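Colleague: Could you walk me through this structure slowly, taking the charged pairs and the surface in turn?

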Amino acid sequence: MAIADTVRRYVEAGREALSPKKAEDMAKALAKQGEIRRDQVATLARDLVAWSRRNRDRLVEVIGAEVKKQIARAGVATRDEVDSLKRR
């Protein structure tokens with residue numbers, strides 16, 4: 001696998017949770033290409049899983065904030081606002 005393919009897989013992993021197995025496969029591919037030492041595979045795999053989880057969490061936060069912003073901009077009432085009106 002070319003280094004470009006491995007980098008592409010890193011980018012794709014940022015869009016979803018990277019499983020420990022997939023992270024290990026990616027780290028092994030880098031070791032096979034000589035990009036990392038074999039003794040670094042497990043550490044890199046753990047780091048990739050953590051990185052993936054952090055990126056996914058940040059992406060969810062950004063998307064959630066943008067959805068809220070767009071709903072507010074469109075003038076759509078929130079559930080709390082509707083509930084408040086119902087209680088009146």
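**Charged pairs and surface**

Modeller: Glu66 is partly exposed, with a relative accessible area of 34%. Please keep in mind throughout that this is a predicted model.

Colleague: Which residue forms a salt bridge with Glu66?

Modeller: The partner is found in helix 3, three residues apart from Glu66, so that about one helical turn separates the two. The partner is also partly exposed, with a relative accessible area of 42%. The closest N and O atoms of the pair are 3.4 Å apart, and the residue that forms this salt bridge with Glu66 is Lys69.

Colleague: How many salt bridges does a search of the whole structure find?

Modeller: The pair of Lys69 and Glu66 is one of them, and the side chains of Arg37 and Asp39 meet in another salt bridge, at 3.0 Å from N to O. For the whole structure, the number that the search finds is five.

Colleague: Is Asp39 buried or exposed?

Modeller: A residue counts as exposed when its relative accessible area is over 50%. Its salt-bridge partner Arg37, with a relative accessible area of 51%, is exposed. Asp39 has 57% relative accessibility, and therefore Asp39 counts as exposed.

Colleague: What separates Glu24 and Lys28 in helix 2?

Modeller: The side chains of Glu24 and Lys28 meet in a salt bridge, at 3.1 Å from N to O. Glu24 counts as partly exposed at 32% relative accessibility, and Lys28 is partly exposed as well, with a relative accessible area of 40%. Because the two residues are four residues apart in helix 2, which covers residues 20–32, what separates them is about one helical turn.

Colleague: Is Asn55 buried or exposed?

Modeller: Asn55 is found in helix 3, which covers residues 41–74, and the side chain of Asn55 makes a polar contact with the side chain of Arg58 at 3.3 Å. The cut-off for a buried residue is a relative accessible area under 20%. The relative accessible area of Asn55 is 17%, so Asn55 is buried.

Colleague: What is the area of the nonpolar surface patch that includes Val67?

Modeller: Val67 lies in helix 3, and at 41% relative accessibility Val67 counts as partly exposed. Residues that make up a patch must have over 30% relative accessible area, so the value for Val67 meets that requirement. Together with Leu59, Ile63, Ile71 and Val76, Val67 makes a nonpolar surface patch of about 390 Å².

Note on methods
Residues are numbered from 1 along each chain as its sequence is written. This is a predicted model: local features need pLDDT of at least 70, side-chain atom pairs count only at pLDDT 80 or more; totals for chains, interfaces and linings use all residues. Side-chain values use heavy atoms; hydrogens and water are left out. Buried means under 20% relative accessible area, exposed over 50%, partly exposed in between (1.4 Å probe, protein chains only). A polar contact is a pair of N or O atoms within 3.5 Å; within protein, one must be able to donate a hydrogen and the other to accept it, and residues adjacent in sequence count only if both atoms are side-chain atoms. Patches are made of residues with over 30% relative accessible area and no salt bridge: like charges are joined within 9 Å, nonpolar side chains (Val, Leu, Ile, Met, Phe, Trp, Tyr) within 5 Å. Accessible areas come from the Shrake-Rupley method with a 1.4 Å probe; for residues, only the protein chains shown count as cover. A salt bridge is a side-chain nitrogen of Lys or Arg within 4 Å of a carboxyl oxygen of Asp or Glu.
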